[in-house]
Amino acid sequence: MPIDATKPYNPDNIFARILRGEIPCKTVYEDEWALAFHDIAPQAPVHVLVIPKGAYVAWDDFSANASAEEIAGFVRAVGHVAREQGLVKPGYRLLANLGADGGQEVPHLHVHLFGGKPLGPMLTR
Ligand code: 5GP
């Protein structure tokens, strides 16, 4: 069920629990600012999620409230993962579902990295 991105952060969301180590994930990268892991239901040969470590529901509160270091760290982590996964040369898709109309289901900001095959003009669900 898509979320309301204007609601306060819920520390019991699934990605918060992954960050706390309460639920396992297949980590592909981690640093001070971000965690990247394989999506549990991949929609492309490469489907990695990158999340900031801070408690942000979506782009709105992240862009308004995160520090410059958090924003830079998250953006750099996304780029690092794309390079590390070999996505830069063939190309890839970076996507964030945000809020109800955006189809966001997990209320912790995340971006999807899709790649490993030609993706066409858009992904469908
Ligand atoms: P959204 O629709 O919010 O942009 O995407 C949420 C994504 O999180 C989905 O692609 C879904 O497969 C993935 N996901 C949901 N629960 C888990 C989980 O427990 N572990 C992992 N690795 N991915 C999850």
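Where is the place of Gly54? Gly54 sits in the loop between β3 and α2, and it makes a handy starting point for a tour of this model, which is a predicted one. From there, the briefing moves to the paired strands, then to two buried residues, His47 and Leu35, and on to the salt bridges and a surface patch.

**The loop around Gly54**

- Gly54 counts as buried because its relative accessible area is 16%, under the 20% limit for that class.
- Leaving out residues up to four places away in sequence, Gly54 touches Glu70 and His108.
- If you like a distance to check on screen, take the C-alpha atoms of Gly54 and Arg76: they are separated by 15 Å, with the two residues 22 apart along the chain.
- Lys53 also belongs to the loop between β3 and α2 (59-65), and Lys53 will come up again below with the salt bridges.

**Strands β1, β2 and β3**

- Strand β2 covers residues 34-38, and 4 of its 5 residues are buried, so the rest of the structure largely encloses this strand.
- On one side of the pairing story, β2 partners with strand β1 (residues 27-30) in the antiparallel sense, over 3 bridges.
- The connection from β1 to β2 is a hairpin that runs through 3 residues.
- Within this pairing, Tyr29 stands opposite Ala36 in β2.
- β2 also pairs with β3 in the antiparallel sense, here over 5 bridges.
- Which residue of β3 does His38 stand opposite? The partner of His38 is Val48.
- As general background for viewing these elements, side chains in a regular strand alternate between the two faces of the sheet.

**His47, a buried residue in β3**

- His47 is placed in strand β3, which spans residues 46-52.
- Is His47 buried or exposed? With a relative accessible area of 2%, His47 is buried, because the class takes in values under 20%.
- The side chain of His47 is joined to that of His112 by a polar contact of 2.8 Å.
- Apart from neighbours within four places in sequence, the contacts of His47 include Phe37, His38 and Asp39, and also among them are Ala41, Pro42, His112, Leu113 and Phe114.

**Leu35, a buried residue in β2**

- Leu35 lies in strand β2 and is buried, at a relative accessible area of 4%.
- Setting aside neighbours within four places in sequence, Leu35 is in contact with Ile18, Leu19, Cys25, Thr27, Tyr29, Glu30, Leu49, Val50 and Ile51.
- The C-alpha atoms of Leu35 and Lys53 are separated by 6.8 Å, and these two residues are 18 apart along the chain.

**Salt bridges**

- How many salt bridges does the structure hold? There are 3.
- In general terms, side chains of opposite charge can pair when their charged atoms come close.
- Lys53 forms a salt bridge with Glu30, where the closest N and O atoms are 2.7 Å apart.
- This pair links distant parts of the chain, with Lys53 in the loop between β3 and α2, Glu30 in strand β1, and their positions 23 residues apart.
- Both ends are partly exposed: Lys53 has a relative accessibility of 32%, while Glu30 has 48%.
- Glu22 forms a salt bridge with Arg20, with 2.7 Å between the closest N and O atoms.
- The side chains of Glu22 and Arg17 meet in a salt bridge too, at 3.3 Å from N to O.
- Arg17, Arg20 and Glu22 are thus linked in a network of salt bridges.
- Each member of that network is partly exposed: Arg17 at 33% relative accessibility, Arg20 at 44% and Glu22 at 44%.

**A nonpolar patch on the surface**

- Which residues make the nonpolar surface patch? Val88, Tyr92 and Leu94 do, and the patch has an area of about 280 Å².
- Val88 is found in the loop between α3 (68-84) and β4 (93-95).

Methods
Residues numbered from 1 in each chain as written. Predicted model: local features only at pLDDT ≥ 70, side-chain atom pairs only at ≥ 80, totals over all residues. Heavy atoms only, no water. Helix = DSSP H or I, 4+ residues; strand = E, 2+ residues; numbered from the N terminus. Buried < 20%, exposed > 50% of the residue type's maximum accessible area, 1.4 Å probe, protein only. Polar contact = N/O pair within 3.5 Å; in protein donor to acceptor, adjacent residues only side chain to side chain. Contact = heavy atoms within 4.5 Å. Patch = residues over 30% accessible without salt bridge, like charges linked within 9 Å, V, L, I, M, F, W, Y side chains within 5 Å. Areas by Shrake-Rupley, 256 points an atom, 1.4 Å probe, with all protein chains shown as cover. Salt bridge = Lys/Arg side-chain N within 4 Å of Asp/Glu carboxyl O. Pairing = 2+ DSSP bridges.
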